Amino acid sequence: MAEGQKPRKHSDDSVKLFVGQVPKHMTESQLSAMFEEFALVDEVNIIKDKATRASRGCCFVICPSREEADKAVDACHNKRTLPGASCPLQVKYADGELERLEHKLFIGMLPKNVSEGEVSELFSQFGTLKDLQILRGSQQTSKGCAFVKYETKEQAVAAIEGLNGKHKMEGSPVPLVVKWADTEKERLARKAQKAQSLASSLANADPTQHPSLFGALPMGYISPYNGYGYQAAGSYGLMQYRIPPGQNQPSFPNVIPHANQGGTPRNYAVPPAGYTYPAVPGAQYPLAYTGGMMSNQPLSGPPSPVPPPIANNLAATSSSISASPGDQVEGPPGANLFIYHIPQEFGDEELANAFKGFGRVLSAKVFVDKATGVSKCFGFVSYDSPADAQAAINMMNGYQLGGKKLKVQLKRDNKQNKPL
């Protein structure tokens with residue numbers, strides 16, 4: 001492609017190939033002529049260094065169809081060495097091309113006893129199936145989901161439009177989830193996006209309102225400073241106590257600076273919401289106490305009091321582990337559900353679709369690991385009436401999905417979550 005020329009638009013049937021081991025002196029027209037000996041070629045784009053605009057020894061070749069692309073791969077990959085190259089050409093489908101061309105769909109909310117014949121019969125109404133795979137566990141029990149591949153993109157689109165959220169299979173209380181299967185790039189991008197969203201919500205959260213967002217160490221814990229440790233003293237503030245010489249080692253030197261080497265130890269106030277906390281080398285979790293994180297600089301004002309510890313109850317603390325502020329809208333008392341064993345691949349939308357058949361869903365939230373963005377396999381669903389929530393419990397509690405049985409129960413009010 002000539003310098004400054006815009007790339008041509010290609011049809012959905014076009015296939016992009018990546019070609020490595022290309023001599024850096026070769027031009028796009030020379031490469032195009034070489035590949036046209038074996039297959040039809042629409043375009044050749046040499047990959048160039050952004051700064052020098054010199055060839056990087058590789059290129060993209062765009063063929064009008066998969067058939068023509070396969071001809072180029074079969075004729076050239078590891079079989080032809082161009083003058084000036086030390087190794088044979090490496091010709092393969094560009095990243096994501098194979099997945100794009102497979103027209104692959106994900107199907108969720110299948111009944112656990114569904115057979116391949118039943119799935120095939122349903123989805124064959126929309127076109128020719130090239131592949132069907134029901135995901136099964138170690139005991140060959142259905143996980144409640146499957147993948148299908150269609151011959152054409154139009155057939156796959158018709159299946160999504162005809163079945164997603166509209167069709168219930170016999171034995172299932174909820175409609176099917178039918179969507180495009182994620183590519184590897186999309187899976188990684190979604191994880192990164194979730195992690196970024198969580199990081200943003202943590203930065204903007206009020207640590208006094210969401211204390212459990214900021215770490216997993218015991219409430220009231222602060223790293224030793226100048227030979228002193230601190231412990232929570234009821235609700236009246238921090239009390240200092242002397243640490244034995246053998247333990248007088250700063251565990252995390254980057255958290256609290258040694259700015260008071262010769263004097264009396266002093267407390268540090270809680271930083272404001274939005275404060276960016278310093279990294280702690282080697283620490284799996286950030287240091288925390290119930291008022292928030294410790295600043296790396298002394299702040300004005302007296303030290304914040306430490307409220308009593310929150311009960312160590314999953315139902316009580318999960319609501320503040322990973323949720324973004326505003327994402328979860330709660331219904332009236334008795335209308336909010338806590339769900340365990342949600343399939344790993346389910347997001348908020350899939351969870352809402354699974355439970356919307358019992359009433360108006362105000363919100364659905366799947367909790368994810370704040371570091372990796374991977375689902376923790378539990379979440380909340382809120383209805384606008386307790387009757388709808390009870391109907392969902394009656395039908396969905398114990399329902400097998402993704403190889404495990406869902407556990408659906410009423411979310412208890414935080415005030416009721418006290419240890420027995």
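Over which ring does the charged end of lysine 104 sit? In this predicted model, the ring is that of phenylalanine 147, and the charged end of lysine 104 is 4.6 Å from its centre. The briefing below covers the aromatic contacts, an open four-stranded sheet with the helices that pack on it, the cysteines, and two histidines with positive phi.

**Charges over rings**

- The charged end of lysine 104 is placed over the ring of phenylalanine 147.
- Lysine 407 lies over the face of tyrosine 340, with a distance of 5.1 Å from the ring centre.
- Tyrosine 340 also belongs to a cluster, linked by ring pairs, together with Phe338, Phe367, Phe378 and Phe380.

**Aromatic pairs**

- A pair of aromatic rings is described by two quantities, the distance of the centres and the angle of the planes.
- The count of aromatic pairs in the model is seven.
- One of them joins phenylalanine 18 and phenylalanine 60 in an edge-to-face arrangement, at 6.0 Å centre to centre and with 65° between the planes.
- This pair links distant parts of the chain, since phenylalanine 18 belongs to strand E1 (residues 15-20) and phenylalanine 60 to strand E3 (residues 55-63), 42 residues apart.
- Phenylalanine 18 has a relative accessible area of 26% and is therefore partly exposed, the range for that class being 20% to 50%.
- Phenylalanine 60 is likewise partly exposed, at 24%.
- Phenylalanine 367 and phenylalanine 378 form a stacked pair, because their planes are at 20° and their ring centres 5.6 Å apart.
- Phenylalanine 367 lies in strand E13 (residues 361-368) and phenylalanine 378 in strand E14 (residues 375-383), so this pair ties together parts that are 11 residues apart in sequence.
- Both phenylalanine 367 and phenylalanine 378 are buried.

**The open sheet and its helices**

- Four strands form an open sheet in the order E2-E3-E1-E4, and their pairing is antiparallel.
- Strand E2 (43-48) and strand E4 (90-93) stand at the edges; each has a single partner strand, so one side of each lacks a neighbour in the sheet.
- On average, neighbouring strands of this sheet are turned by 25° against each other, direction ignored.
- Five bridges connect E2 and E3 in the antiparallel sense.
- Valine 44 has valine 61, in E3, as its bridge partner.
- Helix H1 (residues 28-35) packs on the sheet and touches E1, E2, E3 and E4, and its direction makes about 135° with that of E2.
- Helix H2 (residues 66-76) lies across E1, E3 and E4, and runs at about 155° to E4.

**Cysteines**

- The structure contains zero disulfides.
- Cysteine 87 counts as partly exposed, with a relative accessibility of 33%.
- Cysteine 145 is buried, because its relative accessible area of 3% falls under 20%.

**Histidines with positive phi**

- Histidine 103 is not a glycine, yet has a positive phi of about 50°.
- The loop that holds histidine 103 runs between helix H3 (97-101) and strand E5 (104-108).
- Histidine 103 is buried, with a relative accessible area of 14%.
- Histidine 341, also not a glycine, has a positive phi of about 65°.
- Histidine 341 is placed in the loop between strand E12 (336-340) and helix H8 (348-355).
- With a relative accessible area of 36%, histidine 341 is partly exposed.

Key:
Residues are numbered from 1 along each chain as its sequence is written. This is a predicted model: local features need pLDDT of at least 70, side-chain atom pairs count only at pLDDT 80 or more; totals for chains, interfaces and linings use all residues. Side-chain values use heavy atoms; hydrogens and water are left out. Rings of Phe, Tyr and Trp (its six-membered ring) pair if their centres lie within 6.5 Å; planes under 30 degrees apart count as stacked, over 60 as edge-to-face and the rest as tilted. Buried means under 20% relative accessible area, exposed over 50%, partly exposed in between (1.4 Å probe, protein chains only). A charge sits over a ring if NZ of Lys or CZ of Arg is within 6 Å of the ring centre and within 35 degrees of the ring normal. Two strands pair if DSSP finds at least two bridges between them. Axes are lines fitted to C-alpha atoms, for helices over the stretch in contact, and angles run from 0 to 180 degrees between N-to-C directions. Contact means heavy atoms within 4.5 Å. A disulfide is a pair of cysteine sulfur atoms within 2.5 Å.
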